[in-house]
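Please examine the model displayed below. The paragraphs after it lead from one buried position to the ligand, and then through a group of strands to the aromatic pairs.

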Amino acid sequence: MAGVYVHIPFCASRCLYCDFFSTTALERRKEYVDALLKEMELRKGDKTDYGTGEVETIYIGGGTPSQLRAEELGRIFDAVYANFRVSENAEVTIECNPEDVDKCFLDGLRKLPVNRVSMGIQSFDDERLRFLCRRHNSEKAINAVHILQDEGYENISIDLMFGFPGERITDWEQDLRTAVQLGIPHLSAYSLMYEEGTRLTKLRDAGKIIPIADEESLAMYTLLLTYSEKCGYEHYEISNFSKAGYTSRHNNCYWTGVPYIGFGAGAHSYDGKQLRRWNVSSLDSYMKGVNNGESYFENEMLSERDIYNEYIMTRLRTRIGIDLGEFECIYGEDEANALFKEMMERHISLGNLTTCDGHLRLTRKGLFISDSVMSDFFVV
Ligand code: SF4
């Protein structure tokens, strides 16, 4: 097995744009952690093959894991290490929010095997942070980075967003400049998304906010590519940028089809071959299911078509791209191979794809229309 994911769905408040599974029912933290430990215990005997090797990455995500108390996080890590064989040099990430990074949090963090911190900063501009209903301000975000760095946590990733209503390209450049000046080695950068059902989308639909034009958003993405390159970051996945040696090993699992096992409400697992499993996205149903032996997850056996489409989509997201030798080995005899070759030639001639060292990857032009390039390859 390559990766262990643990979902912590608690948040102190809800952000304007959020469509993740999260809850503000903080009073339920203890019973949730109890259920998590029980799930790990239950799945020890799971006959499903999530791989037999050592765990190479552990990722505690959310929600807001830093809303758990130190002893609760300690219990989770103890259970992961008790139930799985964790590699000595495993990448161990915890997500946290800047407002939680204080002396008390650090005292707890020091006792955990965490060697990578991922922080949801989103912006260094106070007005935009207020707009998102985030609980931190720019000063708090910068302080949190300094506090972690002073404690020796140099493997820090931050999330940033661009494309806010009214945002200018110079505003976005200032956010990027701040991240670079802080010495952050890993950036995940996304355009503000209007997901169905969020308060953000309701505001847009009511005409209360006006999204920026597509051309402005594309200009911001272009700036992200050029600025990060100039500052020595490798653009290794559509939305991810890292200094040498700081790519996210855990996220690479998702993009290269290696097995991972997810614990907690809403968490997904994949056996690296055909089986996907996802736990219910409901605190009550998850805990009731785990505690009473009732169903709390669903399974899906991926069809050959799903596996092929996913292979194309996940590989093309990355800088490494599709290993054409590997593709030939897997799909050389397959019907999909003819479509693949046709699309490959077409998009190479359009300048959307290129080959290098036996790998097929998106060009800069192709990055801007990546969804449509990938979907041209899909078998329907
Ligand atoms: S902190 Fe993250 S998970 Fe929680 S509400 Fe905000 S965006 Fe959603």
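L73 is buried in this predicted model. Its relative accessible area is 3%, and it counts as buried because that value falls under 20%. The residue belongs to helix α2, which covers residues 70-83. Setting aside residues up to four places away in sequence, L73 touches I60, P65, L68, I94 and L112. L109 is 36 residues from L73 in sequence, while the C-alpha to C-alpha separation of L73 and L109 is 8.7 Å.

The ligand has its own shell of residues. C11, S13, R14, C15, Y17, C18, F20, G63, T64, N97 and R134 surround the ligand. By residue class, this shell comprises 5 nonpolar, 4 polar and 2 charged members.

The next position to consider is N155, in the loop between α5 (138-150) and β5 (156-162). With a relative accessibility of 15%, N155 is classed as buried, since the cut-off for that class is under 20%. Beyond residues up to four places away in sequence, N155 is in contact with N115, R116, V117, P185 and Y246.

Strand β5 itself is mostly covered, with 6 of its 7 residues buried. Strand β4 (residues 116-122) runs parallel to β5 and is joined to β5 by 4 bridges. Within that pairing, V117 stands opposite I156 of β5. Strand β6 (residues 186-191) is likewise parallel to β5, and 6 bridges join β5 to β6. Here D159 has S188 in β6 as its bridge partner. Together with helix α6 (residues 169-181), β5 and β6 make a right-handed β-α-β unit.

Aromatic contacts add further links. The count of aromatic pairs in the model comes to 20. One of them is formed by F162 and W172, a tilted pair with 5.0 Å centre to centre and 35° between the planes. This pair links distant parts of the chain, as F162 lies in strand β5 and W172 in helix α6, 10 residues apart. Both F162 and W172 are buried. F162 also forms a stacked pair with Y221, at 6.5 Å centre to centre and 25° between the planes. Because F162 lies in strand β5 and Y221 in helix α8 (residues 214-230), the pair ties together parts that are 59 residues apart in sequence. Y221 is buried, as is F162. Elsewhere, Y308, Y311, F327, Y331, F340 and F377 form one aromatic cluster.

How values were computed. Residues numbered from 1 in each chain as written. Predicted model: local features only at pLDDT ≥ 70, side-chain atom pairs only at ≥ 80, totals over all residues. Heavy atoms only, no water. Helix = DSSP H or I, 4+ residues; strand = E, 2+ residues; numbered from the N terminus. Buried < 20%, exposed > 50% of the residue type's maximum accessible area, 1.4 Å probe, protein only. Contact = heavy atoms within 4.5 Å. Near = heavy atom within 4 Å. Nonpolar A, V, L, I, M, F, W, Y, C, P; charged D, E, K, R; others polar. Pairing = 2+ DSSP bridges. Right-handed = clockwise from strand over helix to strand, strands pointing away. Phe/Tyr/Trp six-rings, centres within 6.5 Å; stacked < 30°, edge-to-face > 60°.
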